[in-house]
Amino acid sequence: MNPAFEPTVTAHPANEAKPERDAGLYAWLSTIEHTAIGRRFIGTALVFLVLGGLLALLMRLQLARPLAHVMGPDRYNQVFTTHGTTMMFLFAVPVMQGLGVYFVPLMVGARNIAFPRLVHFGYWIYVFGGIFLFTALLSNTGPDAGWFSYVPLAGPEHSPGKRVDVWAQLITFTELSALSVSVSIIVTTFKHKTPGLSLDRIPIFVWASLVTSFMVLFAMPAIIVASSCLALDRLVGTHFFNPAEGGDALLWQHMFWFFGHPEVYIIFLPGLGMVSEIILTATKRTLFGYVPIVLANVATAVLAFGLWVHHMFATGLPQLGASFFTGASILIAIPTGVQFFCWIATIWGSRPKVDTQFAYVLAFFATFLIGGLTGVMLAAVPINVQVHDTFFVVAHFHYVLIGGAVFPLLGGLTHWFPKLTGRMLGERLGLLSCALVFTGFHLTFFPQHLLGLRGMPRRIYTYLPDTGWGFWNLVSTVGAFVLALGMLVFFVNAARSLASGARAHANPWGGDSLEWAVSSPPERAAERTPLLVGSRYPLWFGELGQVVGLKPDEHLVTRVVDAEPDHVMNAALPSIMPFITAVLTAGMIVACIFTPWGLPAGATLIAVALFVWFRPTDREPAFDTRARVREEAGVA
Amino acid sequence: MGPVGAHSALEPAGVQARHSLQLFDAYLYVAVLVFFLVIAALGFALGKRSDPAHEKREPPIEAKRGKRGVVAWATLATVFTLIGLLIASVSTGHSMALMPSAEPVEVEVVGHKWWWEFRYPVGGVATRFSTAYELHVPVGRPVQLKLMALDVIHSFWVPSLSGKLDAIPGKHRTLLLRADRAGSYEGQCAEFCGAEHANMRFLVVAESPAKFAAWRDHQLGSPAPPTDALRQRGLEVFMSSRCSSCHAIGGTDAFGTVGPNLTHVASRRRLAMGTLENTPEHLSSWISDPQTAKPGVQMPSTPLPPEDRRALLAYLEGLQ
């Protein structure tokens with residue numbers, strides 16, 4: 001490999017970087033910087049985490065004692081539906097994708113994410129979807145049929161009004177957003193890796209983001225079809241799910257869980273990726289079993305599509321079919337087990353410093369392990385039919401999602417806080433937040449296992465004193481407030497550190513991967529010089545070179561597997577059109593709730609916007625044929 | 001509330017729930033063992049001093065390859081443990097499916113928003129009867145429950161007797177269970193079904209075959225027409241108010257099927273979706289204002305003049 005790779009491009013006047021307006025709302029709305037968009041995704045998702053968390057506290061207050069009167073059933077059902085919908089669609093998926101938008105380009109040494117304008121469009125769609133949901137909730141039109149919206153309850157007959165339509169259209173918003181980001185992350189990973197960073201050298205977090213992006217591509221179509229059918233049933237009188245007219249109520253559940261189960265892995269695989277990154281920098285060891293961990297990610301992604309039926313064991317499906325899904329659900333513990341073993345082997349004898357980020361990793365270990373073990377229990381039909389739809393399951397999936405995604409996320413935010421903000425996150429409050437969050441979490445959710453076994457179903461707004469559920473519910477509510485306090489400490493710590501934390505240099509932890517090679521926070525895309533790397537841990541081992549000669553508005557495109565230079569392309573220019581298209585799309589999605597004419601009217605306007613967005617420009621393509629680039633680079 | 005029955009998957013009183021609990025216990029032991037093994041391994045990994053060969057070198061360094069064998073064995077052990085658990089699950093499922101089911105008591109269970117109806121189809125049309133909130137079964141005999149729903153999906157669950165099974169509109173599902181101990185067992189709808197899902201309770205009364213047969217014979221009959229003036233007035237009130245458009249009472253012209261059949265309402269232990277003890281006070285307040293007790297319930301408030309209400313109550317209390 002050459003230490004320096006210099007693509008030659010023909011200068012063209014139109015290709016000269018135009019001075020960009022940095023300040024002002026217009027520039028803000030037109031940005032193409034993946035760091036800016038990524039930060040917005042993460043920040044917005046954390047706002048929704050707080051909102052969803054407040055809803056959870058309301059629910060815990062209502063359930064703290066029998067026959068409490070904080071809310072009636074009508075309000076409670078809106079609150080628990082919005083809590084679930086918010087946490088899944090407006091917090092967990094976007095925050096993981098936002099971290100991907102911010103860090104995947106940095107970690108693969110790309111100047112920017114592929115299709116930054118598409119990602120920016122996705123961001124606004126996501127924001128508008130979230131605003132739409134909470135506006136609906138505050139105007140007493142919050143969805144109230146559960147985040148799973150089972151038919152016929154969610155159908156036109158049993159859910160008149162607009163509440164379930166709000167849910168169905170929120171799904172449309174999040175589908176669009178998630179797909180936009182996923183496509184961009186896949187292309188960034190495949191085509192914008194810096195030379196030398198072949199596919200077997202990319203960091204585990206990038207693998208996790210890549211794998212989950214593919215999962216989004218395969219899972220989302222199922223829910224797109226499902227929510228469209230539901231919207232059609234509700235708005236134009238089709239009967240996909242109406243048994244009285246030959247429809248099928250279970251069809252919805254199959255389509256929903258074909259998406260809904262992989263969704264869980266879409267949320268926590270990036271979390272596991274962050275665990276790998278934190279362990280790597282904490283131990284200063286290369287990862288034990290890079291290949292097994294990558295294969296575990298891929299295996300999890302594939303298996304995840306083969307076990308949706310374990311959400312439906314209580315619907316009375318044939319035994320043989322159920323056994324197949326039991327097998328698949330149990331087997332998915334193997335790849336996760338492999339990751340655990342590899343992490344422990346990496347840590348073995350390395351004497352890592354237990355700072356905030358590593359403390360969150362330890363919290364993850366204990367918590368996610370319990371969630372995985374109860375998951376194995378849920379795979380067994382005879383156990384499942386007892387605990388399905390009870391608080392046992394509520395406990396289980398909070399162990400998996402908070403343990404497997406939120407703890408690593410808080411660790412990851414601590415780990416990457418210097419790169420995101422240029423400041424170090426305070427250690428003392430960091431450790432305090434970890435202790436409070438961990439204690440509060442287990443106090444909240446461990447008793448719920450017991451409540452479920454003792455007969456407490458999910459999604460109930462109240463219970464009678466004679467059930468004997470009062471004590472553990474009270475404990476759970478107290479725990480929820482401790483957990484909330486821990487989160488508050490985390491946010492206070494972040495705010496204080498942001499204002500007055502120690503300045504961070506480029507690589508405060510001595511990390512191995514390329515995001516630590518750029519300054520904290522990173523330079524703008526146009527100012528970055530792509531590196532030429534020589535190993536899987538480029539900042540630790542191997543020679544580092546630089547790719548020189550790239551114009552500020554050019555990107556290097558490399559080959560998928562070996563990351564050899566392929567050609568040079570023009571970078572996207574800042575544009576207001578993603579924002580405008582997002583406004584029009586949001587308008588169309590909301591209008592469709594009220595009139596079918598929303599669709600053709602909105603589609604027409606969006607078509608015009610897209611034409612403006614993609615209108616031909618006088619930019620000369622920065623082509624450079626593959627042969628020429630290779631020749632210059634000295635690649636045979 | 002009426003007498004409280006067992007309401008826990010941890011206190012099985014029937015063969016199906018016992019199978020589930022045995023398997024759960026097995027899984028729990030394995031889970032606890034695995035949890036402590038993994039946490040212990042993590043603890044050792046953290047506490048272990050780095051070995052001399054590594055100490056000489058400044059980090060970052062290559063991960064040790066020496067643990068490959070251990071990781072491979074741990075993975076293999078995981079695979080075999082999981083296969084063992086899978087076999088245990090499938091064989092338990094098999095035993096549950098093969099529960100002896102000769103001469104079962106057949107009951108049609110219908111989930112409504114938000115109450116459970118139990119129909120006993122004894123022989124022909126003339127010998128059917130319908131009751132609510134209370135499922136009676138004989139101890140030791142298999143019971144075959146045919147689950148149905150007419151509005152939305154509900155899920156029939158009596159933790160002490162059996163796992164749950166959904167009642168799905170447009171589908172027929174059969175749940176086989178057996179109570180092995182006399183007693184009353186709490187049940188509750190487990191699938192979210194709307195506003196009053198939380199209060200969709202019922203009671204399973206398992207009694208000796210003789211008592212069960214006596215109960216069934218009693219339910220088949222109709223209560224004698226009221227003889228005293230007050231209760232006759234009560235019947236009139238029932239027939240002339242909106243009560244009779246939703247409820248049925250055997251031996252009268254009330255044939256409503258929207259709400260529970262009230263033929264033997266006074267013999268039941270509970271009222272109001274199975275959430276209130278069946279006392280005259282509860283019945284009175286339930287009739288006059290169901291929306292306050294259970295917001296969202298489909299029964300409307302029925303304001304009556306005091307004397308009419310007293311007559312209606314007297315009549316209903318007589319429906320033993």
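The following dialogue examines how several features of this predicted model earn their labels.

Mentor: This is a predicted model in which local features need pLDDT of at least 70 and side-chain atom pairs count only at pLDDT 80 or more, while totals for chains, interfaces and linings use all residues. Residues are numbered from 1 along each chain as its sequence is written, chains are lettered from A and ligands numbered from 1 in the order in which they are written, and side-chain values use heavy atoms, with hydrogens and water left out.

Trainee: What makes strand 4 and strand 9 of chain B edge strands?

Mentor: Three terms come first: strands are DSSP runs of E with at least two residues, helices are runs of H or I with at least four, both numbered from the N terminus, and two strands pair if DSSP finds at least two bridges between them. In chain B, 3 strands form an open sheet of mixed pairing in the order 4-10-9. Strand 4 (134-138) and strand 9 (183-188) of chain B each have a single partner strand, so one side of each lacks a neighbour in the sheet.

Trainee: How do you know that strand 4 and strand 10 of chain B pair?

Mentor: The rule asks for at least two bridges, and 5 bridges join strand 4 of chain B to strand 10 (residues 201-207) of chain B, the two running parallel. Within this pairing, B:L135 stands opposite B:V204.

Trainee: Why is B:C243 not counted in a disulfide?

Mentor: A disulfide requires a pair of cysteine sulfur atoms within 2.5 Å. The sulfur of B:C246 is 8.9 Å from the closest cysteine sulfur, in B:C243, and is therefore too far for a bond. The structure holds 0 disulfides over all chains.

Trainee: Why is B:C243 called buried, and what is B:C246 called?

Mentor: Buried means under 20% relative accessible area, exposed over 50%, and partly exposed in between, with a 1.4 Å probe and protein chains only. B:C243 has 12%, so it is buried; B:C246 has 26% and is therefore partly exposed.

Trainee: Why is the pair of A:F103 and A:W416 called stacked?

Mentor: Rings of Phe, Tyr and Trp (its six-membered ring) pair if their centres lie within 6.5 Å; planes under 30 degrees apart count as stacked, over 60 as edge-to-face and the rest as tilted. For A:F103 and A:W416 the centres are 4.0 Å apart with 20° between the planes, and the pair is stacked. A:F103 is in helix 3 (residues 73-107) and A:W416 in helix 13 (residues 391-421) of chain A, 313 residues apart. A:F103 is buried at 0% relative accessibility, and A:W416 is likewise buried at 0%.

Trainee: What makes the pair of B:F35 and B:F36 edge-to-face?

Mentor: Their ring centres are 5.3 Å apart and their planes stand at 80°, so the pair is edge-to-face. B:F35 is buried at 18% relative accessibility, whereas B:F36 is exposed at 53%.

Trainee: How do you know that the charged end of A:R40 sits over the ring of A:W28?

Mentor: The criterion places NZ of Lys or CZ of Arg within 6 Å of the ring centre and within 35 degrees of the ring normal. The charged end of A:R40 sits over that ring, 3.9 Å from its centre. B:K164 lies over the face of B:W157, at 4.0 Å from the ring centre.

Trainee: What makes the phi of B:E103 noteworthy?

Mentor: Most residues other than glycine have a negative phi. Phi of B:E103 is near 45°, a positive value in a residue other than glycine. B:E103 lies in the loop between helix 3 (68-97) and strand 1 (105-112) of chain B, and its 66% relative accessibility makes it exposed.
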